[in-house]
Amino acid sequence: MAAKALAAEAVASRLERQEEDIRWLWAEVQRLRDQQLNAPDRCQAEGPCLTREVAQLRAENRDLRYRLYRLRLCLAEELSHQVKLESAARAAAAQEKGERAAAGAQPPSSPKQEKEIKKKVERGPDSEVKHQSNFINERLKLFERLKKEHQLLSAVYEKKGDTSHTIRVRLAEGKTVEGEVWKTTPYQVAADISQELAESTVVAKVNGELWDLDRPLERDSMLELLTFDNEEARAVYWHSSAHVLGEAMELHYGGHLCHGLPIENGFYYDMFLEDRAVSRTELSALENICKAILKEKQPFERLEVSKEVLLEMFKYNQFKCRILNEKVNTPTATVYRCGSLIDLCKGPHVRHTGKIKTIKIFKNSSTYGEGNPEMETLQRIYGISFPDTKMMETWGTSQEEARSRDHREIGKEQELFFFHELSPGSCFFLPRGAFIYNTLMDFIREEYHRRNFMEVLSPNMYNSKLWEASGHWQHYSENMFTFDIEKDTFALKPMNCPGHCLMFAHRPRSWREMPIRFADFGVLHRNELSGALSGLTRVRRFQQDDAHVFCTVEQIEEEMKECLQFLQCVYSTFGFSFQLNLSTRPKNFLGEIEMWNKAERQLQNSLMEFGKPWKVNPGDGAFYGPKIDIEIKDAVGRYHQCATIQLDFQLPVRLNLTYVSKDGDDKKNPVIIHRAILGSVERMIAILSEKYGGKWPLWLSPRQVMVIPVGPTCEKYALQVSSEFFEEGFMTDVDLDHSCPLNKKIRNAQLAQYNFILVVGETEETNHAVNVRTRDNKIHGVISVTSAIDKLKNLKISRTPNAEEEF
């Protein structure tokens, strides 16, 4: 007992010394902090010394914090050791008591224990939560330790610092309220206005920065409260939902999480599972775990931690360590915790998981780490969530509609196109699909002729020297198909612009020729990853309605107006609604700022005169020039970027393109406008297939006319009528199937989406006429063949969207 008492006394003495060291360190931290806060006033007259002294103080402060952290670890270890000694002593005492006791039956379990055992047995080994990995517990312990340290720091600051400083918070609608620095949160401000507003707010925006609702304000602030109908708030909502999915995936699979991000409609999380793949049958189990997490209302807790400690926290996960080592360039980074998940994340997030009212886990796939096929194969799981069940029901309905309109199914049913494993990512267009393809290009060609574009043909492959000169090789070579010919490296072109530049430069140019408008439907190839290929929307071989306008700076505004009018003409024909976004100068821009400013003003003037709503995306332009991005809305509410109008100041400089200006300067660089309306013709066909649901308008339809004889005696006349329509340029067929009655033939033609069904019998043959009805069973009656052809030709030429009604 004396030995034990001495040991306990030694431990207590050591613990007391360590606590004294901790108190001394806190005092040092405060002293250095005060020096740092006062340094600017003290060193104002000292000039250049200020930055160096502040840097030294900060470095010393970091060292002291690290020493404090290590001392707290030692202290925790000592406490743990002491607990173990006490436990060992109690165990020894219990053993001694047991040896003295008579042998007999063990005491019965309590009802609560029996209930827990029964519950575990019922759940069995196939429980949805299958893995409670050791790294989860270790990670939680470290997080809690760091959290207590942070709370202790905050407590010291509140005790010695000035935490009663009043700040002014200006709301978006102009109202100003007062708050306390480091205490008042956006949620409190919202709640003071109305509890309903506070509960419906997803995230705050403080001085232009997205901000957690429960994160205290640090200074006078401009505060915006964003709800789910805001695009940025939706991204935060779905990012938080991705963390819920990540927590469920860790609990279910025990693998290592990689990236979890919001996307346009929902979110996903990637996980590394070594030698297994996720099965679609497992998604319901994951969804159930997610729903349980939502019910627990787990708070999202934010913590800023040093990079070194984070590397220790995520040492089990090579992907998180890779992010820390390759992408985190600051001494600290933030992590967020919800439940058992602690994830490296910038945030912000919703207040707690209960704010996510409904969630659906609906899809899985395999992908490569960072999209690189040489890296690990990851399992990706997709989900969607909403703040109320009605939104989820609406989404479910839209998904059913999207499935019924899937262009891949329409292409198969209507025999338009197919893909083959021997040429992945390259579409085989069958005759009816080729008709749609060529009709779209003919439409654009007509507009080219009206708008003074000159169609050109350019080579499919170029020496890599061209791509190096243009700058594409440095940034895009991984997405190009390359091969060696006679010791030189060549590549199939992924875009037309460098080739068009060679056309511009092949002879001297004058200002009198400007603008020069080159258009090209040349075949392009891009080496998309196999996992990214998706029907016609992401392919390796495609064609664009690609054009490049070479003009002077003074001509930019007029040319942009013309491009926008071209866009309006084409998209109104298709019945598309669209959004316009002006993307302005990014931080890494090249060129003179005066030219950028002038170009952006011209783009703004063009958009204002165009008269359609538009918005600015600050800093989202390309490094070589500002641009106008156009997004079209499809049949189920999704947005796609097809058209683009981009200014380029740099490519003419890189490829030494010049013209003789009006004042005789023969070294003047033109400006290039990159312009596409359809974009990829393949992608446009996919979008149009789903927009029309396979019910193509007459001018674009691969099945325009079906001729049906009422009986065998009229078959010869039916073939004659079909031939007359075919010679006038219509896609025409005749149904001579003797096994089907007349009504069945008419119904089959309607289901096959023939725009017009022409029934012919003896009366029609006598009068050289046809009996006209539509795929929607509207009967127009008997009309002469000549009149029917004239009417359909006019409807086709005018590209009337509802020709069946207008006939």
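This passage walks through a predicted model of a protein chain, from its overall make-up to a few local features.

The protein chain has 807 residues, and 47% of them count as buried. Its secondary structure comes to 25 helices and 31 strands. Among contacts in the chain with a separation of 6 or more, 68% join residues that are 24 or more positions apart. The surface that the chain exposes amounts to about 42100 Å², with carbon and sulfur atoms supplying 50% of that area.

A helpful place to begin a closer look is helix H17, which covers residues 556-574. This helix has 19 residues, and the distance from its first C-alpha to its last is 27 Å, close to the 27 Å expected at 1.5 Å a residue. Many readers will want to know which of its side chains are covered. The buried residues of H17 include the charged-type names Glu-559 and Lys-561, along with Ile-556, Met-560, Cys-563, Leu-564, Phe-566, Leu-567, Val-570, Tyr-571, Thr-573 and Phe-574. After the helix comes Gly-575, with a positive phi near 80°.Two residues of H17, Tyr-571 and Phe-574, also belong to an aromatic cluster. The other members of this cluster are Phe-443, Phe-576, Phe-578 and Trp-699. Within the cluster, the ring centres of Tyr-571 and Phe-578 are 5.8 Å apart. Their planes meet at 70°, so this pair is edge-to-face. Tyr-571 has a relative accessibility of 0% and therefore counts as buried.

Across the whole structure, a search finds 31 aromatic pairs. Another of the edge-to-face pairs is made by Phe-725 and Phe-730, with 5.9 Å from centre to centre and 65° between the planes. Both partners are buried: Phe-725 has a relative accessible area of 0%, and Phe-730 has one of 1%.

Aromatic rings also take part in arrangements with charged side chains. The charged end of Arg-380 sits over the ring of Tyr-268, at 3.9 Å from the ring centre. In a second case, the charged end of Arg-675 sits over the ring of Phe-453, at 5.3 Å from the centre.

Turning to the cysteines, the structure holds zero disulfides. Two examples show why. For Cys-501, the closest cysteine sulfur is that of Cys-497, and the two sulfurs are 6.5 Å apart, which is too far for a bond. For Cys-551, the closest cysteine sulfur belongs to Cys-563, at 8.9 Å, again too far for a bond. Cys-563 is one of the buried residues of H17. Cys-501 is buried as well, with a relative accessible area of 2%, and Cys-551 is buried at 0%.

A final stop is Gly-255, found in the loop between helix H7 (231-253) and strand E6 (256-263). This glycine is buried, with a relative accessible area of 6%. Leaving aside residues up to four places away in sequence, Gly-255 touches Phe-135, Glu-250, Met-271, Phe-272 and Leu-273. Phe-272 is 17 residues away along the chain, and its C-alpha atom is separated from that of Gly-255 by 5.8 Å.

Note on methods: Residues numbered from 1 in each chain as written. Heavy atoms only, no water. Phe/Tyr/Trp six-rings, centres within 6.5 Å; stacked < 30°, edge-to-face > 60°. Buried < 20%, exposed > 50% of the residue type's maximum accessible area, 1.4 Å probe, protein only. Lys NZ or Arg CZ within 6 Å of the ring centre and 35° of its normal. Disulfide = S-S within 2.5 Å. Helix = DSSP H or I, 4+ residues; strand = E, 2+ residues; numbered from the N terminus. Expected span 1.5 Å × (residues − 1). Contact = heavy atoms within 4.5 Å. Areas by Shrake-Rupley, 256 points an atom, 1.4 Å probe, with all protein chains shown as cover.
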